[in-house]
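User: I am new to this structure and would like a close look at a single part of it. Could you walk me through one pocket and then point out a little of what else is there?

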Amino acid sequence: MELRNSTGTAEFMLLGLTQSRDIQLLVFMLVLVFYLIILPGNFLIILTIISDPGLSAPLYFFLGNLAFLDASYSFIVATRMLADFFSERKVISYRGCLTQLFFLHFLGVGEMFLLVFMAFDRYIAICRPLHYSTIMKPSVCYALLLALCLGSFAHSFVQVALILNLPFCGPYQLDNFFCDAPQIIKLACTDTFVVELLIVSNNGLLTLLCFLGLLASYAVILFHLKGHSSEGKNKAVSTCTTHIIIVFLMFGPAIFIYARPFRAFSADKVVSLFHTVIFPLLNPVIYTLRNQEIKASMRRLFYSHGGR
């Protein structure tokens, strides 16, 4: 039996990124090439971390999970967008729309929590080095990962629950290339002020608080590094700088999309494209390019397989 809402809505039509066929073709080719090049890089990062016992520190444990979450997050949107390019009617079922919404927020919030954990790891490593091995034990890392899953599930469940009983009057057209709360809310034929306020609080406020907390934590870390030796200081500053770049790539578009009333802006779709497809795949790669240990481990992995 097909899932429907209270007004019997069975499906939505996605209007896509643009109505221009030429621009659609250009975006399709760019996203496809980018996806085929960068996505394997994310899985290479995961394989490298798993296969190298020297990369067993919590930092690399979190990085491997970040690569997995980012690849999954992009997969949910990019594959659908690429497939829809060949469809005249870009239709998604009501059930499929809510499923995409759930996993989009489950993985997106999971990324945010993971970046918070990575900042916590760097704070302990740099500001409390004598207690690092005691605090950041494997059991603690797995507990943090479990907390991430539970927190992400709770967040996504609230997102879907708030939208589930909204009545829709048509036309059932989502002005985007994927299902997300801001576009779905606009189709409701009832006063959505309270629901919108709750979603903005659940999304935007959480995103903004995590962002400000991360900036404050890295400011404390960088201030603490002023008293370190030059060699250790340079390595730590490089690591923290990379984390800060990823934080801005992740949180900048998210704040633009979710931390404001759901009103349409001309830049919405472009920001959404970078937020859901481009930046998630780039995040682990940016980190890897600035991490000498992972690059060295990748070279050893290539040489070991190339020599067979």
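Analyst: Here is a short walk through the second largest pocket, followed by a stop at two helices. Please keep in mind that this is a predicted model.

Let's begin with the space itself: the second largest pocket holds about 250 Å³. Its lining is made up of 17 residues. If you want to find the middle of the pocket, look for L55, S56, A57, F61 and Y142, the lining residues that lie nearest its centre.

Which helices supply the lining? At least two residues each come from α1, α2 (58-84) and α5 (138-164). Of these, α2 gives the most, with 6 residues. Sorted by class, the lining has 13 nonpolar residues, 3 polar ones and 1 charged one.

Helix α1, one of those contributors, spans residues 21-51 and includes L25. On the surface, L25 joins M29, V33 and I37 in a nonpolar patch. Together these four have about 370 Å² of accessible area. L25 counts as partly exposed because its relative accessibility is 42%, which falls between the 20% limit for buried and the 50% limit for exposed.

For a last stop, move along the chain to helix α8, residues 230-258, where you will find F256. With a relative accessibility of 30%, F256 also counts as partly exposed. The C-alpha atom of F256 is separated by 9.8 Å from that of A267, a residue 11 positions away along the chain.

Notes: Residues numbered from 1 in each chain as written. Predicted model: local features only at pLDDT ≥ 70, side-chain atom pairs only at ≥ 80, totals over all residues. Heavy atoms only, no water. Patch = residues over 30% accessible without salt bridge, like charges linked within 9 Å, V, L, I, M, F, W, Y side chains within 5 Å. Areas by Shrake-Rupley, 256 points an atom, 1.4 Å probe, with all protein chains shown as cover. Salt bridge = Lys/Arg side-chain N within 4 Å of Asp/Glu carboxyl O. Helix = DSSP H or I, 4+ residues; strand = E, 2+ residues; numbered from the N terminus. Buried < 20%, exposed > 50% of the residue type's maximum accessible area, 1.4 Å probe, protein only. 1 Å grid on protein atoms, 1.4 Å probe; cavity = no way out; pocket = protein on both sides within 12 Å on 5 of 7 lines; lining within 4 Å. Points joined across faces, edges and corners; volume = space filled by probe spheres on them. Nonpolar A, V, L, I, M, F, W, Y, C, P; charged D, E, K, R; others polar.
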